[in-house]
Amino acid sequence: MDIDEFLDVLLERVRQALGADTAVVLLLDRQKRFLVAAAAKGIEEEVVQAAHVPLGYGFAGRVAVERRPIVISDVRKANVFNPLLMQRGLHSLLGVPLISEGTLVGVMHVGTVTPRRFGAEDVELLQHAATPAAMAVQLMLGRAERAGAMELQRSLVPAALPEIPGMELSARYRPGKETVGGDWYDVFTLPSGEIGVVMGDVAGHGLPSAVVMGRMRSALRAYALETTDPAEVLLKLNRKMLHFEPDATATVLYAVFDPGIERVRISSAGHCPPLLAEPGAPARCLAAETDVLIGLEEINPRRTTTIDLPPGALLCFYTDGLVERRGESLDEGIARLRKAVYAGPPEQVGAAVMAALIGRDLAEDDVAVLLLRRSETAETG
């Protein structure tokens, strides 16, 4: 049973048990500013018209803010915010808050078109229905949000990496144990023939982070068409986020490969350092300059670092979910990653990385890994 079916059955039983003409559930919106009609019996137009009630206003708004049952004996003499209640001809109302583990979820109320004095037994019955309902609604909303976030993230992460002459690619993405976050990677060809590569991580978890991630991905792609300077692209992205998404922050690494895959220019907005593994040598962290995160005010100009790539060299981009562990420093996690990365076929390296750093335990946070190797048969220009 999904949340709509659950609320539909619940309200019908509540209405019958109390002998009421109407029964409504309003849920708190994501910004915690409004109660929004989610299900209704006997006054279905509340849902059809997407009725909104500001917290603290009117009948339902008071129930939510005061977090206690409220009875209105005569709607005509009360301060009712929603005109639909008057239009329906309701005379008496009883409302209780939906609270789960101390968190306000919404409000449930019933009404009658004839005068009715709701007593202590009526209040107790409605509260008895509201308590498990609030827990169930919160659980269902959490599941729906996770499913929505996962579906959104799957739609934005490349279903298949592009085929690029002179480059071998492999990627891994796994959602975290608790909830989906805002990790993403991207690979695309630019009009100049250069290759753009992105690895990013939006702060936070759940659907809000996934939505912000989608907006950032689209904006970065648009700015990448305006300039091939990675630092300039991140500067434009940051200006956009500061103006339109001032509460969001993210680490982002943007790299642009030359058409011949001989060099790569990298700019980092606070992201984890990429690793470079050259044939016959251990992997090392690139000494790329790191600038402020996306979402923070620019203090100094953003910088771009240029790296030469010999044939067979492999680059490893990743998010912090791969290397961060409780009780362990970030440097220790990166050191373990360096031991697992080598200048081999990206698919094999990816398997080695996941085995060494993830193993059998699902990571707490999202994990994204992108491996790119310049083909060993590439000729230097």
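**Exercise 1. The open sheet**

Work out in which order the strands of the 5-stranded open sheet lie, and which strands sit at its edges.

*Solution.* Keep in mind that this is a predicted model. Step one: strands of a sheet pair through backbone hydrogen bonds, either parallel or antiparallel. Step two: trace the partners across the sheet, and you get β7-β17-β16-β12-β13, with antiparallel pairing. Step three: look for strands that pair on one side only; these are β7 and β13 (284-285), so to speak the edge strands.

**Exercise 2. The neighbours of β17**

Find the strands that pair with β17 and say how many bridges each pairing has.

*Solution.* Start with β7, residues 167-174: this strand runs antiparallel to β17 and shares 8 bridges with it. You can pin the pairing down with methionine 167, which faces arginine 374 of β17. Now go to β16, residues 314-318, which is also antiparallel to β17, over 5 bridges. Here leucine 315 sits opposite leucine 372, and cysteine 316 sits opposite leucine 371.

**Exercise 3. The two faces of β17**

Decide whether the faces of β17 are covered or not, going residue by residue.

*Solution.* First, a handy rule: in a regular strand the side chains alternate between the two faces of the sheet. Next, split the strand into its two sides. One side has Val367, Val369, Leu371 and Arg373, and the other has Ala368, Leu370, Leu372 and Arg374. Then check each residue against the cut-off for buried, under 20% relative accessible area. Every one of these residues is buried, and both faces are covered. For the strand as a whole, that gives 8 buried residues out of 8 across 367-374.

**Exercise 4. Cysteines and disulfides**

Explain why cysteine 272 has no disulfide partner.

*Solution.* Recall that a disulfide is a covalent bond between the sulfur atoms of two cysteines. The cut-off to use is 2.5 Å between the sulfurs. For cysteine 272, the closest cysteine sulfur belongs to cysteine 285 and is 9.5 Å away, so the gap is too wide for a bond. Cysteine 316 is in no disulfide either: its nearest cysteine sulfur, again that of cysteine 285, lies at 9.7 Å. The total is 0 disulfides. As for cover, cysteine 272 counts as buried because its relative accessibility is 11%, and cysteine 316 counts as buried because its value is 0%.

**Exercise 5. An arginine in a loop**

Describe where arginine 302 lies and what its side chain reaches.

*Solution.* Begin with the location: arginine 302 belongs to the loop between β14 (290-291) and β15 (305-308). Is the residue buried or exposed? Its relative accessibility is 11%, so arginine 302 counts as buried. Now follow the side chain. It reaches the backbone oxygen of valine 292 at 2.9 Å, and it has a polar contact, also listed at 2.9 Å, with the side chain of glutamate 298. Beyond four places away in sequence, arginine 302 touches several residues, including Ala231, Leu234, Asn238, Ser268 and Ile294.

**Exercise 6. The whole chain**

Compare the radius of gyration of the chain with that of a compact globule of 381 residues.

*Solution.* The globule would come out near 21 Å, while the chain has 27 Å. Next, picture the box around the C-alpha atoms: roughly 90 × 40 × 35 Å along the principal axes. Finally, count what is inside: the chain has 9 helices and 17 strands, and 51% of its 381 residues are buried.

Terms used. Residues are numbered from 1 along each chain as its sequence is written. This is a predicted model: local features need pLDDT of at least 70, side-chain atom pairs count only at pLDDT 80 or more; totals for chains, interfaces and linings use all residues. Side-chain values use heavy atoms; hydrogens and water are left out. Buried means under 20% relative accessible area, exposed over 50%, partly exposed in between (1.4 Å probe, protein chains only). Helices (H or I, at least four residues) and strands (E, at least two) are DSSP runs, numbered from the N terminus. Two strands pair if DSSP finds at least two bridges between them. The radius of gyration is taken over C-alpha atoms; the globule rule is 2.2 Å times the number of residues to the power 0.38. A polar contact is a pair of N or O atoms within 3.5 Å; within protein, one must be able to donate a hydrogen and the other to accept it, and residues adjacent in sequence count only if both atoms are side-chain atoms. Contact means heavy atoms within 4.5 Å.
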